[in-house]
Amino acid sequence: MTRGGNEQRRISVVLLADVRAGAKVLVHIDSAVRLLDENEARLICKALDGLEASLNGQSCDRFFADLIGHEPQLPEHLR
């Protein structure tokens, strides 16, 4: 069982090895596809909160403070 935002649903962890209760996972169509570390999970949650704020007409700057004033960098393979 997983909780995300105000949702609660069952997810499959068959694609992952050794998933423990309480682990942070990336979910796609009710299947866990990758384990996340605490920091990555926190950043994803902040980004989703920022998108929700933006959709509600609120400022989302506080959710992306680490990106403000930085020029996006292309990955090495795209340079």
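**Fold, surface and salt bridges of a predicted chain**

The chain of this predicted model has one helix and four strands.

Colleague: In what pattern do the strands and the helix follow each other along the sequence?
Modeller: There are four strands and one helix to place. Read along the sequence, the strands precede the helix, and the pattern is β-β-β-β-α.

Colleague: In which sense do S3 and S4 pair, and over how many bridges?
Modeller: Strand S3 covers residues 24-28, and strand S4 covers residues 31-36. Their pairing is antiparallel, and the number of bridges is five.

Colleague: Which residue in S4 is the bridge partner of His-28?
Modeller: S3 runs over residues 24-28 and S4 over residues 31-36, and the two form a hairpin with two residues between them. Across that hairpin, the bridge partner of His-28 is Ser-31.

Colleague: Which residue in the turn between S3 and S4 has a positive phi?
Modeller: The hairpin leaves two residues between its strands. One residue in the turn has a positive phi of about 50 degrees, and that residue is Ile-29.

Colleague: What radius of gyration does the chain have, against that of a compact globule of 79 residues?
Modeller: The C-alpha trace spans about 40 × 35 × 20 Å along its principal axes. A compact globule of 79 residues would have a radius of gyration near 12 Å. The chain itself has 16 Å.

Colleague: What share of the contacts with a separation of 6 or more comes from residues 24 or more positions apart?
Modeller: Of the 79 residues, 10% count as buried. For the contacts with a separation of 6 or more, the share from residues 24 or more positions apart is 0%.

Colleague: How much of the exposed area do carbon and sulfur atoms supply?
Modeller: The chain exposes about 6800 Å². Carbon and sulfur atoms supply 54%.

Colleague: Which element gives the most to the nonpolar patch on the surface?
Modeller: The patch is formed by Val-14, Leu-15, Leu-26, Val-33, Ile-44, Leu-48 and Leu-51, with about 640 Å² of accessible area together. Three of its residues come from one element, residues 38-55, which gives the most: helix H1.

Colleague: Is Ile-44 buried, partly exposed or exposed?
Modeller: Ile-44 is found in helix H1 and belongs to the nonpolar patch. Its relative accessibility is 31%, and the partly exposed class lies between 20% and 50%. Ile-44 therefore counts as partly exposed.

Colleague: How far apart are the closest N and O atoms of Glu-40 and Arg-34?
Modeller: The structure holds four salt bridges, and one of them joins Glu-40 to Arg-34. Glu-40 is partly exposed at 26% relative accessible area, and Arg-34 is partly exposed at 38%. The closest N and O atoms of the pair are separated by 3.0 Å.

Colleague: Are Glu-76 and Arg-79 buried or exposed?
Modeller: The side chains of Glu-76 and Arg-79 meet in a salt bridge, at 3.1 Å from N to O. Glu-76 has a relative accessible area of 61%, and Arg-79 has 61%. Exposed means over 50%, so both residues are exposed.

Colleague: Which residue forms a salt bridge with Asp-18?
Modeller: Asp-18 is exposed, and so is its partner. The closest N and O atoms are 3.7 Å apart, and the partner is Arg-20.

Colleague: How far apart in space are Gln-73 and Asn-56?
Modeller: Gln-73 is found in the segment after H1 and is exposed, with a relative accessible area of 63%. Gln-73 and Asn-56 are 17 residues apart in sequence. From C-alpha to C-alpha, their distance in space is 29 Å.

Key:
Residues numbered from 1 in each chain as written. Predicted model: local features only at pLDDT ≥ 70, side-chain atom pairs only at ≥ 80, totals over all residues. Heavy atoms only, no water. Buried < 20%, exposed > 50% of the residue type's maximum accessible area, 1.4 Å probe, protein only. Pairing = 2+ DSSP bridges. Rg over C-alpha atoms; globule rule 2.2 N^0.38 Å. Contact = heavy atoms within 4.5 Å. Areas by Shrake-Rupley, 256 points an atom, 1.4 Å probe, with all protein chains shown as cover. Patch = residues over 30% accessible without salt bridge, like charges linked within 9 Å, V, L, I, M, F, W, Y side chains within 5 Å.
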